[in-house]
Amino acid sequence: MIRLSKSIIGEKEANEVKRILLDDGYLGMGAEVGKFESDIADYLGVSFDNVVCVNTGTSALHLAVEAVVEKDFEVLVPSFTFLSSYQAISAAGAIPVSCDVHEDTLSIDLEDAEKRITHKSKAIMVVHYASNVANIDKVYEFAKKHNLRVIEDAAHAFGCTHKNKKIGSFGDIVCFSFDGIKNITSGEGGAIVTNDAHVLSIVKDARLLAIEKDSDKRYNGQRSWDFDVKRQGYRYHMSNIFAAIGRVQLSRLDSEFGPKRIELLKLYQVLLGSNQNVVFQKHEQDAYIIPHIVSVRILNNQRDGLKDELEKEKIPTGIHYKPNHLLTYYKTDYNLPVTEKVYKEIITLPLHPEISTSDVENICKIINNYLN
Ligand SMILES: Cc1ncc(COP(=O)(O)O)c(C=O)c1O
C-alpha cells in the first residue's frame, strides 16, 4: 500500500548504527554528534560552531524562543503550522500571537502580523510551509522595522535555497527537524543554526541541562564533573545513534532524495495542473525547493469527498494543518479568514522518495475523475 510519507533508510544507515552500537559503544551525545554538526555546517556553508543538534525540531524551536524571548512576551506566528511551533513558544513561557497567511503562498501575511504588534512583541516565527521559503526578504525587513528577532521554522526546508543561498546559511535563527519523514531524518532530531554567539552559548548548554560548556567536553569523550548552572536546562541533546543515521542521510540528500521529491512534485503539477478545482501553492521564484510535502487546495467544497474517495482507493492523505488558533489552548478572540478557508480546502497527497511515477499517475487519475 502507498504511504503518505515514509522514512527511507537503507543498509548504509544500518551499518553506521551498528558501528555506534558495537564499535563506538557510547550511545549518548559524543563525538558523532559533533561530526554531524560539522557535516551540516559544511553542507550549509557556515562555521562548525554555528550548528547545534538537539533531539527534535520542537526542542530546537523551544530553545531558540527561550534564548531570545523573555517570559510573557509575544511571538508573531502563522496559525497555519504544525502544533510544534506553538508548543515551542508556550513552553518557553512566551505567548504565540496567531497571524493569517497568504492564500497563494501559504506564508505569513505581514500586513495582518503588523496589526498584531504590541509593546510586548519580541519575535516573529516564520514557517517555510511545504518547503516554500516565501517572502523571507520581506520578513527580515519587517523584523528590522519593528525590532523583532526572527526564528525560521525550517522543519520542512532542509536543503532548500533562497536566491542561491541555502536556508540556514543566512538569517537570524533557523531551526530544522530531522524527524522520521523529513527531507533527511536522523530517526528523531533537530538543529538550531545561528551566528549569534550569545544564542549559541545559551542553546548549547540548555540542551545538556544548562551545564556550562559540557558540549565540547563530550565531543572529546569527557564529562563535566565540576560545573556550574545558571539557568533552566533540558535533556534535549542528540544521541550518537541518531547522529550516525543523520550523517548518512545528509550524504544522500542531493544525489537521491532531493531530485526524487522534486520529480514527483513536478509530475503532480503536470497531471493536475489543468484541473480547475486543484490549486497548487505558489512557489517563490529564485528558490530551489525540495518539497517535504505536497499540499494542494481543492475548491468548491470538494475536499472531504475527494479525501474519502482517495481513501476508498487505499490512497492515504493528510491535512496539514489544523490551524492552531482553533485549538482550545491557543484560542483567539478574532478570526483568521484566509487560514480558516484554506483549512477547509487543503489536502496532502503522498510524497516520499519511494513513491513511483506510476503511483502518482494513478493518484492523479483518481483525482481528475472525481473532480471533473
Ligand atoms: C512546521 C513544523 N515545525 C516543527 C516541527 C517539529 O519537528 P519535530 O517533529 O522534529 O519535533 C515539524 C515536524 O513535524 C513541522 O512540520
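A cavity is a set of grid points where a 1.4 Å probe fits but cannot get out, and its lining residues have an atom within 4 Å of a point. In the predicted model examined here, three cavities of 30 Å³ or more are present.

The second largest cavity encloses about 50 Å³ of space. Its lining consists of Lys6, Ser7, Ile8, Gly180, Ile181, Lys182, Asn183, Thr185, Gln249, Phe257, Arg261 and Pro353. Classified by residue type, this lining comprises four nonpolar, five polar and three charged residues.

For the largest cavity, a volume of about 60 Å³ was computed. The residues that line the largest cavity are Ala130, Leu265, Gln269, Phe280, Gln281, His283, Pro291, Ile293, Val294 and Ser295. Helix H9 and strand E12 (294-298) are the elements that contribute two or more residues to this lining. Six of the lining residues of the largest cavity are nonpolar and four are polar, while no charged residues occur there.

The largest pocket has a volume of about 320 Å³. It is lined by 21 residues, of which Phe82, Ser84, Ala155, Asp179 and Lys182 are the closest to the pocket centre. Lys182 also appears in the lining of the second largest cavity. Two or more residues of the pocket lining are supplied by each of helix H3 (57-68) and strand E8 (173-177). In terms of class, the lining of the largest pocket contains eight nonpolar, nine polar and four charged residues.

Helix H9, which contributes to the lining of the largest cavity, also packs against helix H12. The axes of H9 (residues 240-272) and H12 (residues 357-371) come within 10 Å and cross at roughly 30 degrees. Because angles under 35 degrees count as roughly parallel, H9 is described as roughly parallel to H12. The crossing of H9 past H12 is right-handed. On the H9 side, the contact is formed by Glu263, Leu264, Leu267, Tyr268, Leu271 and Leu272, and on the H12 side by Thr357, Val360, Glu361, Ile363, Cys364, Ile367 and Asn368. The contact between the two helices has nine nonpolar residues, together with two polar and two charged ones.

Methods. Residues numbered from 1 in each chain as written. Predicted model: local features only at pLDDT ≥ 70, side-chain atom pairs only at ≥ 80, totals over all residues. Heavy atoms only, no water. Axes fitted to C-alpha atoms, helices over the stretch in contact; angles between N-to-C directions. Helix = DSSP H or I, 4+ residues; strand = E, 2+ residues; numbered from the N terminus. Parallel < 35°, antiparallel > 145°, perpendicular 65-115°, else oblique. Left-handed = near helix turned anticlockwise from the far one by under 90°. Contact = heavy atoms within 4.5 Å. Nonpolar A, V, L, I, M, F, W, Y, C, P; charged D, E, K, R; others polar. 1 Å grid on protein atoms, 1.4 Å probe; cavity = no way out; pocket = protein on both sides within 12 Å on 5 of 7 lines; lining within 4 Å. Points joined across faces, edges and corners; volume = space filled by probe spheres on them.
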